[in-house]
Amino acid sequence: MSSPPPPWQFACAAYIPLLTGNLSALGSGIIIYSMIGPGRREKLRKPRNRLLLAMSVYDMLYSLVKAWTFLLAPKGYGVPGAQGNMATCRLQAFFIEFTHATGAYNSLLSIYYWLSICKGVKPGTFSKYEPYAHGMIFITFLSFAVCGLVIELYNPVFGFCFIGSYPPACETSSEAPPCDRFPPESLGLLYEIFAQMWVQAYIVIVIITNTLIWMKVREQDRVIKRYSFAATTQWDSRQSFSLRRRQSDLGRSKSVALQSTLYVAAFIACWIGPTLFHLIGWIWGIQSFWAVFVIVLFTPLQGFWNAFIYARPTYLRMRQKFPHMGRYQTAKSIFFDADPLKLAFYSLRQPREVDNLPNPRDPELIGEKIFHNDCSDDFIIDEHYDNGIDGDPMNLSNDPYTKIESEKAAGTETKNESDISTTS
């Protein structure tokens, strides 16, 4: 039997998440605000945004209960400055178990991208079944979380509270009494069932779906190359239009595939380390402080990376179209303005130069409208300006530019009528 871990290891396990967890909660929080804040509800018409919103809600809960470990950990179990008791300890473990649903939404988002790109499933079709997926995820993980609470599976472990033997470190430390519940030999299987089984399934799903997505993109690329090679000067305009449409579809598919892959990379980067350490410990019985260190350092960071990935497409487009905006101003606008592209456009306006402004609905300004093929027309490279004013692409009544044009036209018409009357 080994001696108890030194206090500095408990301190690392308890206080490192104070940084990483709060960073992740901040990232998830601004994603949530950018979707449900004032004037932003139109974003929730898109399935991918609804999935990302649900993922961010669960991740924010997970990040917060990890970040404030020292307030929830019970006193007397090795955590320096612990303020909690066994009730708060099990509350933390309950939410850690429940928020394993975050990975389920990573998988569901990857499946949605795969269905849209590879199977041609439209957003409306996906939306019919989406409520069942939300309900299934919620009920499944709530059931597991409650089950662990009922059988008293949640106990103090290394620096925080989750699945563990009771008393803590029983039968592994020379100073600990025999185990009353869940001895170490049975704990590995329970940890697999309640936690790691789900993570491993998520990793398999996101890898398979993204591999299929990139295979589809590669297939489209080969078709475009053959199509372009066969092009001749005798082509009519319809054939040329078809080629341009295919090229636009390919560009869209690549953009969506890259976005999906980035979300997958963030998830795997946060969870692959804990998964490998768990399997090594369960199969070969090798336990290490570094396994705990990897868990508390990386797993709470997913929301932090998701915020950058979420902002990336619009950020790149705004920096390209509106270079006068600084990087900080652009990032702030993406998260805190209801329509950042529209705001950026009107920030170009100078006094008394309204008549010379380009139309903000000019395709060259806001991005080419991508044509529909077997991919979903929900995927527009422009993440913010594809719904029009008030969610209707043809509703221009509230567009300031349209109002200016209408007033000019009305003034011209009135002038022409007066000229005709004078002539008569």
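Helices (H or I, at least four residues) and strands (E, at least two) are taken here as DSSP runs, numbered from the N terminus. The model is a predicted one, so local features need pLDDT of at least 70 and side-chain atom pairs count only at pLDDT 80 or more, while totals for chains, interfaces and linings use all residues. Residues are numbered from 1 along each chain as its sequence is written, and side-chain values use heavy atoms, with hydrogens and water left out.

Two spots in the backbone come up first. Proline 167 sits in the loop between strand 2 (161-163) and helix 7, and the peptide bond leading into it from tyrosine 166 is cis, with omega near -5°. Glutamate 152, in the loop between helix 6 and strand 1 (154-156), has a positive phi, near 60°, without being a glycine. As a rule, most residues other than glycine have a negative phi, and most peptide bonds are trans.

Next comes helix packing. Axes are lines fitted to C-alpha atoms, for helices over the stretch in contact, and angles run from 0 to 180 degrees between N-to-C directions. Helix 5 packs on helix 6 (residues 123-150) at about 160°, with the axes 11 Å apart. That pair is therefore roughly antiparallel (angles over 145 degrees; under 35 is roughly parallel, 65 to 115 roughly perpendicular and the rest oblique). The crossing of helix 5 and helix 6 is right-handed, meaning that the near helix is turned clockwise from the far one by less than a right angle, with anticlockwise giving left-handed. On the helix 5 side, Ala101, Ala104, Tyr105, Leu108, Tyr112 and Leu115 meet Pro123, Phe126, Ala133, His134, Ile137 and Phe141 of helix 6, contact being heavy atoms within 4.5 Å. By class, these residues are 11 nonpolar, 1 polar and no charged; Ala, Val, Leu, Ile, Met, Phe, Trp, Tyr, Cys and Pro count as nonpolar, Asp, Glu, Lys and Arg as charged, and the others, Gly among them, as polar.

Helix 2 also packs on helix 6, at about 15° and with the axes 10 Å apart. These two helices are therefore roughly parallel, and their crossing is right-handed. Helix 2 brings Pro47, Arg50, Leu51, Ala54 and Tyr58 to the contact, and helix 6 brings Pro123, Phe126, Ser127, Glu130, His134 and Phe138. The split is 7 nonpolar, 2 polar and 2 charged.

Helix 2 has another partner in helix 10 (residues 302-321): the axes come within 10 Å and cross at roughly 155°. Helix 2 is therefore roughly antiparallel to helix 10, and the crossing is left-handed. Asn49, Leu52, Met55 and Asp59 of helix 2 touch Gln302, Gly303, Asn306 and Tyr310 of helix 10, a set with 3 nonpolar, 4 polar and 1 charged residues.

That leaves the cavities. On a 1 Å grid over the protein atoms alone, a cavity is a set of points where a 1.4 Å probe fits but cannot get out, and lining residues have an atom within 4 Å of a point. Grid points are joined across faces, edges and corners, and a volume is the space filled by probe spheres set on the points. The model holds 3 cavities of 30 Å³ or more, and the largest encloses about 100 Å³. Its lining has 13 residues, with Thr99, His100, Thr102, Gly103 and Trp271 nearest the centre. At least two lining residues come from each of helix 2 (47-67), helix 5 (101-118), helix 7 (184-229) and helix 8 (237-284). Sorted by class, the lining of the largest cavity is 6 nonpolar, 6 polar and 1 charged.

Notes. 1 Å grid on protein atoms, 1.4 Å probe; cavity = no way out; pocket = protein on both sides within 12 Å on 5 of 7 lines; lining within 4 Å.
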